[in-house]
Amino acid sequence: MIKRLIDMLFPVGFSCINCNKEIFDNEYMLCDNCKKSLPYLTGNLCLHCGNPIKSGKYCLYCKGKTFYCDKIVSPFEYDKVITKFIRNLKYDNKQYFSLCLAKFMAESFAKEYLPCDLVTCVPICDKRLKQRGYNQSELLSNNFAKILNLETNFNLLKRIKETPTQTNLTFTERRKNMVNAFKVVDKDLVKDKYIVIIDDVYTTGATLTECAKTLKKAGAKAVYGVTAAHTIFSENENKKH
């Protein structure tokens, strides 16, 4: 128990959180080699969801469509390394991983020059919050906002529907799973605001879409989603989008 507490409070400053190589004064908590080898999303990206595309401005699934979430920004592809980071954050109580990921998320968002009045996060259900003890998306949001000196409000949205995990569900199933899952607590806090909503991983966008839909219906001017990672799909895949 004592070791776990020490690891949570004093995790960095001596070794890379990925390879354990000795490091000193590294603000990203990573050695230079690990930082360079991360799966950054670069090149030609869809202007809406950020998925890599060969040419044009939008991917096959975003082209010609209108979305509640105005733009999705993510620094990384959801590969094995980032999966490990997020699992450590979500399930192993290694909350300091949120600071590492938030630094990259903040850098990616800043490059977009998008307006922001408030930063919030995807709320989790009470059962999972009780089991885990914290909301990983709120940790990411807090660090993200501190880095960019932005205002936060984690009481904009409330989850009002206990939803099963999205893992292994198709896009259609994920979308149905999230319908009417959230409500806005106070419309006056949302009206005419540019809102950034934080989550850990973008897969099909079902969760961010439902959050953005709820915020837009309450009067939000624009909603931008920022996640640590983006699940990459090929435009040749038969994705039920």
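In which loop is the place of Met29? In this predicted model, Met29 sits in the loop between α1 and α2. Its phi angle is near 65 degrees, a positive value in a residue other than glycine. Met29 is buried, because its relative accessible area is 5% and the cut-off for burial is under 20%. The loop between α1 (2-9) and α2 (32-37) also holds Asn20. Asn20 likewise has a positive phi in a residue other than glycine, here near 70 degrees. Asn20, however, counts as exposed, with a relative accessibility of 59%, since exposure is assigned over 50%. The loop thus contains a buried residue, Met29, and an exposed residue, Asn20.

The chain as a whole contains nine helices and seven strands. Of its 241 residues, 46% are buried. Among contacts with a separation of 6 or more, 71% are between residues 24 or more positions apart. The exposed surface of the chain comes to about 13,100 Å², and carbon and sulfur atoms supply 50% of this area.

The largest nonpolar core consists of 39 residues. Within this core, the residues with the most contacts are Leu30, Phe85, Leu101, Phe144, Val196, Ile198 and Val226. At least two core residues come from each of α3 (80-91), α4 (97-110), α6 (136-148), β6 (194-202) and β7 (222-230). Helix α4 provides the largest share, eight residues. Another core, of 27 residues, lies apart from this one; its members include Phe182, Val190, Leu208 and Leu215.

Which residues are in contact with Phe144, leaving aside its neighbours within four places in sequence? They are Ala102, Met105, Ala106, Phe109, Val119, Leu150, Val196, Ile198 and Val226. Of these partners, Val196, Ile198 and Val226 are also listed among the residues with the most contacts inside the largest core.

Two helix pairs that involve α4 were examined. In the pair formed with α6, the axes lie 8 Å apart and the packing angle is about 55 degrees. An angle of this value is neither under 35 degrees nor within 65 to 115 degrees, and α4 and α6 are therefore oblique to each other. Their crossing is right-handed. On the α4 side, the contact is made by Ser98, Leu99, Leu101, Ala102, Lys103, Met105, Ala106, Phe109 and Ala110. On the α6 side, it is made by Leu139, Leu140, Asn143, Phe144, Ile147 and Leu148.

In the pair formed by α3 and α4, the axes are 9 Å apart and the angle is about 135 degrees. This arrangement makes α3 oblique to α4, because the angle is not over 145 degrees, where roughly antiparallel begins, and lies outside 65 to 115 degrees. The crossing of α3 and α4 is left-handed. Helix α3 takes part in the contact through Phe85, Ile86, Asn88 and Leu89, and helix α4 through Phe97, Ser98, Cys100 and Leu101. Ser98 and Leu101 of α4 thus appear in the contacts with both α6 and α3.

Helix α6 also contains Ser137. Is Ser137 buried or exposed? With a relative accessible area of 1%, Ser137 is buried. Not counting residues up to four places away in sequence, Ser137 touches Cys121, Val122, Ile198, Asp199 and Asp200. One of these, Ile198, is also in contact with Phe144.

Two further loop positions were considered. Pro115 has its place in the loop between α4 and β3 (118-121). Its relative accessibility is 35%, so Pro115 counts as partly exposed. Beyond residues up to four places away in sequence, Pro115 touches Phe109, Tyr194 and Tyr224. Pro115 and Val223 are 108 residues apart in sequence, while their C-alpha atoms are 9.8 Å apart in space.

Lys63 belongs to the loop between α2 and β1 (71-73). At 63% relative accessibility, Lys63 counts as exposed. Lys63 and Leu47 are 16 residues apart along the chain, and 9.5 Å separates their C-alpha atoms.

Methods:
Residues numbered from 1 in each chain as written. Predicted model: local features only at pLDDT ≥ 70, side-chain atom pairs only at ≥ 80, totals over all residues. Heavy atoms only, no water. Helix = DSSP H or I, 4+ residues; strand = E, 2+ residues; numbered from the N terminus. Buried < 20%, exposed > 50% of the residue type's maximum accessible area, 1.4 Å probe, protein only. Contact = heavy atoms within 4.5 Å. Areas by Shrake-Rupley, 256 points an atom, 1.4 Å probe, with all protein chains shown as cover. Core = buried A, V, L, I, M, F, W, Y, C linked by side-chain atoms within 4.5 Å. Axes fitted to C-alpha atoms, helices over the stretch in contact; angles between N-to-C directions. Left-handed = near helix turned anticlockwise from the far one by under 90°.
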